[in-house]
Amino acid sequence: MRNSNPWRKPVIIAGIVLAVVLAAAGVVLLGNDYRFTQTAVQIPTPDGRLDGVLTMPRTDSPRGLVVMVHGDSAVDATQDGLYSPWFEGAADAGFATLSWSKPGVGGSTGDWLDQSMDDRAAEVSVAIDWALGQTGIPTERIVLWGASQAGWVMPKVVAERDDIDGVVAAGTAINWLTQGRFNLLADLDHENATEAARAQAIAESDAVRGLLDRGASYEEYREITTDDPPMTAERWAFVARNMHADATADLRASAVREIPVLLLIGEHDRNVDVDETERVYRDVFGSALSVRRVDSAHSLARPVVEDNAFVGTLIGTVWPRALLAPGVIDAYTGSLRAID
C-alpha cells in the first residue's frame, strides 16, 4: 500500500541529519572541554597595558605558575585557542599559566615590531613582577615556557632574576642569521627547488643581508626584493633591530642558576637547526637539561597539520589536543611535576 503521508520521508531524513549534527557538535564540545578555568587579566606596564589570560588548575593547592613567552608574529594570549593543550598540560601538573597578547595585538597597547629581544625580556619581567604582587596567583614556583623566538628572550630573563625555577624551550634557535639561512635552505629542499631557483633565492637572501648589514633603507630593500608579499617597513625595522641576536652568551649566564631545562625538538623542523640547538644546550646546561625529540614540525604539531590546511583546521576544530605530536604534552606535564 502506498504511503499516504508525503512528509514522512523528509522528516526521517531531517531527523538523521539533526542527529549527525548534534553528534558532531557533541564531539566538538568534548574535544574543546579543557581541565582548567580561565579568566581575563590586564597587566600594567610602563608603556600601557597587556591584555592576557590566567588559567588555573582545578585544585585547591596549585603548585606554581608558568609564564608563556611567545615566538614570532602577532600572537594573542591564547594563540587563537591553540595554547589550550599547553594550558591543560600545566594544569594537570598543578600549575597556573599566565599569557598575554603581544603589544599591539588585541587590547594590548604598543607595537611588538618596535621591540628588541631585550625589550621582550623586560616585558616578561614586568609580567612576573605583576603576578608576584597578586593574591590568588600561585608563584611559589615560576617556570618560563617559550617557543621559537623566545629562545633569545628567556635566557635574558633567567640571567637577570633569581626566582625562575625552570624553563621549557620549544623549538628555540641559537643565532638569528644562521637560523634564517637554515630555514631558507630547508624550505628550498622541501619544495624540491631547481638549482636555478635555489641559486636565485640564496643570491637574493645574501643581497638582503648585505643591505641589513650596512643599515640600508626600506626603500632600497623594496627595489631588490622579489618576495611576495615583501616585508613591511615595520618588519624591516624589526629585523634590522634584532638580526644579530645570538643566545649563546645569555644561555651561559642563565646556566649559573642551575635550574631544570626541557628542550622540546621537532624532528621535521624546517625553521630551526634543532641539531645545533641541542648541541649548544647540552654544552651549556649539562645534566640540568632534558631533551625530548618528537615526530613534529617546528610548532611541535604533527607534520600533516602544517602541510595540509584542511586537516589542520578540521583537527583544530574537533579535537585540538591532537594537533600536537604524541608525547609533547606528556613530556611538558612531566617536567613540571618534577620541579621541586
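User: So a cavity is a set of points on a 1 Å grid over the protein atoms alone where a 1.4 Å probe fits but cannot get out. How many cavities of 30 Å³ or more are there?

Analyst: The count comes to three. Volume here is the space filled by probe spheres set on the points, with points joined across faces, edges and corners. This is a predicted model: local features need pLDDT of at least 70, side-chain atom pairs need 80 or more, and totals for chains, interfaces and linings use all residues. Residues are numbered from 1 along each chain, and side-chain values use heavy atoms, without hydrogens or water.

User: What lines the largest cavity?

Analyst: Met-154, Pro-155, Val-158, Val-167, Ala-169, Leu-251, Ser-254, Val-261, Tyr-281 and Phe-285 (lining means an atom within 4 Å of a point). Two or more of these residues come from each of helix H4 (154-160), strand S6 (166-170), helix H9 (248-255) and helix H10 (274-285). Helices (at least four residues) and strands (at least two) are DSSP runs, numbered from the N terminus.

User: Which element gives the most, and how much space is in there?

Analyst: H4 gives the most, with three residues. The space is about 70 Å³.

User: How do the lining residues of that cavity divide by type?

Analyst: Nine are nonpolar, one is polar and none is charged. Asp, Glu, Lys and Arg count as charged; Ala, Val, Leu, Ile, Met, Phe, Trp, Tyr, Cys and Pro as nonpolar; the others as polar.

User: And what about the second largest, how big is its volume and what lines it?

Analyst: Its volume is about 40 Å³. Met-68, Val-69, His-70, Trp-100, Arg-120, Glu-123 and Val-124 line the second largest cavity. Strand S3 (64-69) and helix H3 (117-132) each supply at least two of them, with H3 giving the largest share, three residues. The lining divides into four nonpolar, one polar and two charged.

User: Switching to H5: which residues are buried, and what do they pack against?

Analyst: Trp-176, Gln-179, Asn-183, Ala-186 and Leu-188 are buried (under 20% relative accessible area, 1.4 Å probe, protein chains only). The buried residues of H5 pack against H3, helix H6 (195-213) and helix H8 (233-242).

User: What's the span of H5?

Analyst: H5 (residues 176-190) has end C-alpha atoms 21 Å apart, which agrees with the 21 Å expected for 15 residues, taking 1.5 Å times one less than the number of residues.

User: Where is the pLDDT below 50?

Analyst: The mean pLDDT (confidence in each residue, 0 to 100) is 91, and 90% of residues reach 70 or more. Over residues 17-30 it is below 50, and that stretch has six contacts (heavy atoms within 4.5 Å) beyond near neighbours in sequence. Where pLDDT is low, the predicted coordinates should not be read in detail.

Methods
On a 1 Å grid over the protein atoms alone, a cavity is a set of points where a 1.4 Å probe fits but cannot get out, and a pocket is an open set with protein on both sides within 12 Å along at least five of seven lines; lining residues have an atom within 4 Å of a point. pLDDT is the predictor's confidence in each residue, from 0 to 100. Buried means under 20% relative accessible area, exposed over 50%, partly exposed in between (1.4 Å probe, protein chains only).
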